[in-house]
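Open the model in your viewer and keep the selection panel at hand. The stops below go chain by chain and end at one loop.

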Amino acid sequence: MTTSAPVQDNRPAAEPVYRCRGLSKVYGQGEAAVHALRDVTMDVGDGELGVILGASGSGKSTLLNILGGLDHPTAGTVHFRGTDLTALDDGDLTAYRRRHVGFVFQFYNLMPSLTARENVALVTDIAPDPMAPEDALALVDLEGRMDHFPAQLSGGEQQRVAIARAIAKRPDVLFCDEPTGALDSRTGIRVLEALQRVNKDLGATTLLITHNAVIAGMADRVYRVVDGRVDQVTEPDVRHAPADLDW
Amino acid sequence: MALGTLNRKLGRDLWRLRGQVLAAALIIATGITLLVMARGVMVSLEVIRDSYYERNHFAQVFASAKRAPERLARAIADLPGVRQVETRIVEAAPLDMPDLREPATAQLISLPERGRPGLNRPLVRHGRWIEPGQRDEILLSEKFAAAHGLGPGDRLRATINGRRRDLAIVGLALSPEFIYAIAPGDLLPLEDHNAVVWMGRDALAAAFDLDGAFNNVVLDLSPGMDPAPVVRALDGLLARYGGIGAYGRKEQPSHAYLDAEIEGLRSFGLVSPAIILAVAAFVLNVIIGRTIETEREQIGLMKAFGYSRWAVAGHYGAFVLAIAALGAVIGSALGAWLGWAMTGFYADFFTFPYLYYDLDPAVFLLAALFAVASGALGMARGLARVLALPPAQAMRTAPPAVYRRGWVDRLPAGLVSPTGRKVKRHIGRWPVRAALTALGIAMAMGTVVSMRFMDDSMAFIIDVQYNRAQRQDLTVTFTRAQAARVRHDLAALPGVRAVEPFRMVPVRLRLGARSERIAIQGLVPRPVLSRPLDSRQAPIPVPEAGLTLSTILAQKLDAHPGDAVIVEVLEGRRPVLRLPLAATADDYVGKSAYMGLAALNRALDEAASINGTHLMVDPAAGETPYRRLKDAPLVRSVSRRAVNIETARKTMAEAMLVFSAVFTGFAAVIAFGVLYNGARVALSEQGRELASLRVLGFTRGEAAGVLVGELALLTVVALPLGGVLGYLFAWATTLSYDPELFRVPLRVEPRTYVLAAGVVLAALGASALVVRRRVARLNLIDVLKTRE
Ligand SMILES: Nc1ncnc2c1ncn2[C@@H]1O[C@H](COP(=O)(O)OP(=O)(O)OP(=O)(O)O)[C@@H](O)[C@H]1O
Ligand SMILES: [Mg+2]
């Protein structure tokens, strides 16, 4: 395991956390080629709660996967606090994810053979400065279900375990791919509240994918993705609390 | 770095998949069991043999002559490298056993009048040693005594050099010289027909007119001394006294057979486990590969969280290592125990005075090495997959299968059930996976064949030996060569319908630098009763001026048809002949050489011309011919084919009872391991789909039928291939036998294929039951709630 930090924190104040330039991603070749991202240029501010909005298939997950160090772009660069992620090899990307990034996936993706507590511990085991798994679960109001297996939890509970798992390492950035996609609005709001709390309390830059425009109401900044392009970036004047959202 | 949680996942996964883990571990365990068992028996036999040899002073060089003066012992002792010399009188005598129709044969061995023999010292187990001067006191070999219910105090009627003698048994004994007491030409020792009788030197000298002389000598050599020069020097000394060729331990019959058995265990203990562990590695490959495919999201997830690809690979590697370790532990324990049981079996088959069982700790190391090697080979493919899976890719579910309409869909609806269509599409979608699974099943069947074909080979040997090559009812040998007309006397015996004379003469065959000692058989031109056979079991005519050698002997001499082989006759006027090799005879047991009787007699230039005959006897004649043979003074030994066949069958049946039961059990475990794992992996791959079918209203049977149907189809396809693989595996197994004494013919009878197919089908049935139960228990809600 790499112990030296591959990513140096050498940003000047108010530098964006992410600086993307000319990002594109092409799947396949020739006639079958799919342009998932086309020449995306964007910045993500430190500590912000950003919402990525877009239709299905527009390229949101692709963008997030590249920012999160899960995937490589076909062209363009991504800088994280001054480090070019596209230049890192697999080992350094692994270390980058381990130190800095928390993920919440659309389909929870819990390990079926581990309990809620153990699913969180899976991440805290390898994080440099984690919180206790129990504390992370308490943050998402799951202290009562810590020793249950995923199959014994409801969909919303599973998603909150996934959030606890993502935040337990105190990540610098938190990526959430449709965290409420499979949930009803009441449960969705509890999940969003948990996310907002983490954003505020831990200061983690949070990027949240959704195709539910209402959720954009809680964002510091909204990125609209259309057909592989970041079409529009807006900063709403008013930020609503999740409880005030309604869908 | 703390990997506690990952280890917990490992533990849970192992437990969750315990059925599969155990099934896979058991395949490895069978290989390890064989390895540990064979090694254990081998090492123990070696230890027992060596200590027995040492305690009872087993000689290193052996020689026989016609009559050598005792003073020659000095000259022999002066040969460089000779440490000890023991001269003896060794002869043969028929015994009249009341419970046998035909006479039994005793090998008479002299004991010094005072003290104990310095070499080849018998171990008296019951009774006492013979008293000096007591000319009728004997020690009798224990197995023969047991076969006839004899003990110290009983008497034995022998015809020694044509004279009836009534001998007093004073002790029962064993000797390192006769651990495996097999008579020349026999397939197996006939315990109730072949005796060893030890008696005083003076008594034997008087009986055979060997006062102040010996006809057998055994030597011990200085440590590390190569026997070859001593053998040559001894031959030189004995040549003028009718020496028939000295030889070292390697050629001493009992030692050679024991050695061949130990060597057989050594190579069998490597070849067989290697085959099984290769199968295990292959099966693991399929299982692990498919398991990893079902866990690709979890793999991606771990990587997304920052576990390095090596940490993730290590996790799955540990999974396989745990299987291998479990297999190694089970196999080592079972092998150690079976080895102990088998050593007992062997110690009884060979006559050892004591039992000792020890396992060289190195064998466990070897076992662990084999298990880990098969595990490592078994996971190589899967690990490569784990390493290569990019995290983002893995986060997407495996792309939905692309099913295509195929020929099945064009069949009328009534002909193929919906289940059948689904099975066919599934196989069509994953052709490689289906092919690998079928290959795994075929390998399982092949292993069954390779563990069972030995019965076929042995039955074939018995059939060739006693039904085609040797068809005589009796073989009679004479105390010394007789005029040819003796055969008319035998033909005149009541009930004797055919007589075929022969002459056996000790010779040394030479070709180039190689030489072999053997008793050559002079045969009539067209033998009918006992004849050499070619590789298609057709009789070979005996050429007037040519030599026929058994395959084994021809190989040892590196002789090819047409080669001129030098035949040094070691009897009478000791002529030296040059005979072309005319043909090789496809014998499976021992070394034999044949030539024309007339040519042999011309070379020897003696009036006497035969020293044995084969006889056909009318069963209706009852006891009379046998009684006459028991009374005939010139008879040295009589052997009855029926006894040989019966002994061979009995010994085979006993061995089969032990070995075949064990091996068939192993084979069944392997077949079940393969099929059960195939079924379970398929179940975890298709669990959601099956649950959906159930939700849609399919019955449990129908849902399970999809899985079982696929497995059954693959099994049916795999069976013929399994037969072919079985033949190959069997062939590899025959290679592991040293053909020195025994050639194992590669025979696989249809019944063995049927049995192997039956074992595989039974394993399929058992796996189907398990799948059915699992499908019945599928929790529909759970399966649909969590994404796999
Ligand atoms: N492995 C792949 N091979 C080929 N095409 C792909 C692959 N992964 C994604 N795509 C394509 O790239 C495009 C963008 O996919 P992406 O998953 O980023 O969409 P998304 O905006 O997240 O959609 P959704 O809201 O449905 O999750 C889609 O057209 C998709 O079909
Ligand atoms: Mg998406």
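Select chain A and colour by burial: buried residues make up 55% of its 247 residues. This is a predicted model, and every value on the tour is computed from it. Switch to a cartoon of chain A to see six helices and ten strands. The radius of gyration of chain A is 18 Å, close to the 18 Å from the globule rule for 247 residues, so the chain is as compact as a globular protein of that length. Along the principal axes, its C-alpha trace spans about 50 × 45 × 40 Å.

Next, draw the contacts within chain A. Of those between residues at least 6 apart in sequence, 71% join residues at least 24 apart. Turn on the surface of chain A, which exposes about 9,800 Å². Carbon and sulfur atoms supply 46% of that area. Then pick out the charged side chains of chain A: 24 are positive and 34 negative, and the centres of the two sets lie 0 Å apart.

Now hide chain A and select chain B. Its cartoon has 22 helices and 20 strands. The C-alpha atoms of chain B fill a box of roughly 100 × 60 × 50 Å along the principal axes. Of its 788 residues, 55% count as buried.

Colour chain B by domain. Domain 1 takes two segments, 1–57 and 254–399, while domain 2 covers 58–253 and domain 3 covers 470–647. How far apart are the C-alpha centres of domain 1 and domain 3 of chain B? They lie 51 Å apart.

Repeat the contact and surface views for chain B. Among its contacts with a separation of 6 or more, residues 24 or more positions apart account for 82%. The accessible surface of chain B comes to about 32,400 Å², and 58% of it belongs to carbon and sulfur atoms. For the charges of chain B, 91 positive and 70 negative, the mean positions are 10 Å apart.

For the last stop, zoom in on B:G162. This residue is found in the loop between β7 (155–160) and β8 (163–174) of chain B. Is B:G162 buried or partly exposed? Its relative accessibility is 30%, so B:G162 counts as partly exposed, given that the partly exposed class runs between the 20% and 50% cut-offs. To finish, add B:G289 to the selection and draw a C-alpha to C-alpha distance from B:G162: the two are 127 residues apart in sequence and 77 Å apart in space.

Methods. Residues numbered from 1 in each chain as written. Chains lettered and ligands numbered in written order. Predicted model: local features only at pLDDT ≥ 70, side-chain atom pairs only at ≥ 80, totals over all residues. Heavy atoms only, no water. Helix = DSSP H or I, 4+ residues; strand = E, 2+ residues; numbered from the N terminus. Rg over C-alpha atoms; globule rule 2.2 N^0.38 Å. Buried < 20%, exposed > 50% of the residue type's maximum accessible area, 1.4 Å probe, protein only. Contact = heavy atoms within 4.5 Å. Areas by Shrake-Rupley, 256 points an atom, 1.4 Å probe, with all protein chains shown as cover. Lys, Arg positive; Asp, Glu negative; His and termini not counted. Charge placed at Lys NZ, Arg CZ, Asp CG, Glu CD. Domains from an automatic or database assignment.
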